[in-house]
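Here is a brief report on one protein chain. Keep the sequence and the 3D view at hand while reading.

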Amino acid sequence: EWGFAQCASDPCVFTLSKDVDGVTQRLILGCYVDDLFTLYSPDGDGSLYQRFTADLASRWNVEDEGPISDLLNVDISTESDCVTLRQEKYITHLVETYLPDGVPLTFHKTQAPAADDLPSLVIDALRTKPERS
């Protein structure tokens with residue numbers, strides 16, 4: 001009904017762009033169990049975001065928890081038009097768990113545990129760029 005497109009790289013992310021009064025407005029929804037994470041531009045009366053959330057609230061018992069600060073062990077901060085994602089707590093946990101004596105001065109690929117020995121979340125974390133803005 002709304003025309004969201006499912007993201008090819010993540011089936012839990014949906015995007016929508018519409019021209020409203022000559023302005024392209026965008027919504028990006030991330031769905032996780034019973035939570036929605038919404039990125040939008042612009043905001044305000046009559047905006048795509050405002051119309052979508054009003055329609056959602058007319059159909060479901062929803063609660064707006066305000067600006068997001070973390071989601072799935074990722075810290076999220078916003079400033080102007082910049083969103084910063086950090087995994088500092090998660091990386092600290094990984095280091096304390098798998099490198100309790102600290103990071104060795106030299107670290108060879110052969111010293112790394114086999115992929116089967118690590119939880120899949122660790123493998124995923126190692127593939128991310130946690131301090132990118």
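## Helix 1 and the strands it packs on

The buried residues of helix 1 pack against strand 2, strand 3 and strand 4. Those buried residues are Leu48, Tyr49, Phe52 and Asp55. Seen down the axis of helix 1, they fall within an arc of 135°, so they line one face of the helix. A general point helps here. Residues three or four places apart in an α-helix point the same way, because there are 3.6 residues a turn.

The length of helix 1 can be checked too. Its twelve residues, at 1.5 Å a residue, should span 16 Å. The end C-alpha atoms lie 17 Å apart, which agrees.

## Overall layout and confidence

This is a predicted model. The protein chain has three helices and seven strands. From the N terminus, the elements run β-β-β-β-α-β-β-β-α-α. Of the 133 residues in the chain, 17% are buried. Among contacts with a separation of 6 or more, 30% join residues 24 or more positions apart.

How confident is the predictor? The chain averages a pLDDT of 80, and 77% of the residues score at least 70. Confidence is highest in strand 1 (residues 5–6), at 95. It is lowest in helix 3 (residues 120–127), at a mean of 57.

## Strand pairing

Strands 2, 3 and 4 are linked by two antiparallel pairings, 2 with 3 and 3 with 4. A further antiparallel pairing joins strand 5 and strand 6. The table sets these pairings side by side, with one pair of opposite residues for each.

| Strand pair | Sense | Bridges | Opposite residues |
|---|---|---|---|
| Strand 2 and strand 3 | antiparallel | eight bridges | leucine 16 and leucine 27 |
| Strand 3 and strand 4 | antiparallel | seven bridges | arginine 26 and serine 41 |
| Strand 5 and strand 6 | antiparallel | two bridges | aspartate 70 and aspartate 75 |

Strands 5, 6 and 7 make an open sheet of three strands, in the order 5-6-7, with antiparallel pairing. Strand 5 (70–71) and strand 7 (82–86) are the edge strands, each pairing on one side only.

## Two turns with positive phi

Strand 2 and strand 3 form a hairpin with two residues between them. Strand 3 and strand 4 also form a hairpin, again with two residues between them.

Each turn holds a residue with an unusual backbone angle. Most residues other than glycine have a negative phi. Aspartate 21 is not a glycine, yet its phi is positive, at about 55°. Aspartate 21 sits in the loop between strand 2 and strand 3. Valine 33 also has a positive phi, near 55°, and is likewise not a glycine. Valine 33 sits in the loop between strand 3 and strand 4.

Are these two turn residues buried or exposed? The cut-off for exposed is over 50% relative accessible area. Aspartate 21 has 80% relative accessibility, so it counts as exposed. Valine 33 has 78%, so it counts as exposed as well.

## The loop leading into helix 1

The loop between strand 4 and helix 1 contains proline 42. A cis peptide bond joins serine 41 and proline 42, with omega at about -10°. Most peptide bonds are trans. Serine 41 also has a place in the strand pairing, since it is the residue of strand 4 that stands opposite arginine 26.

Serine 47 belongs to the loop between strand 4 (35–41) and helix 1 (48–59). Is serine 47 buried or exposed? Buried means under 20% relative accessible area. Serine 47 has 2%, so it is buried.

What does the side chain of serine 47 reach? It reaches the backbone oxygen of glycine 44, at 2.8 Å. Leaving aside residues up to four places away in sequence, serine 47 touches Gln25 and Pro42. Pro42 is thus named twice in this loop: it is joined to serine 41 by the cis bond, and it is touched by serine 47.

Key: Residues numbered from 1 in each chain as written. Heavy atoms only, no water. Buried < 20%, exposed > 50% of the residue type's maximum accessible area, 1.4 Å probe, protein only. Polar contact = N/O pair within 3.5 Å; in protein donor to acceptor, adjacent residues only side chain to side chain. Contact = heavy atoms within 4.5 Å. Pairing = 2+ DSSP bridges. Expected span 1.5 Å × (residues − 1). Arc of directions from axis to C-beta. pLDDT = per-residue confidence, 0-100.
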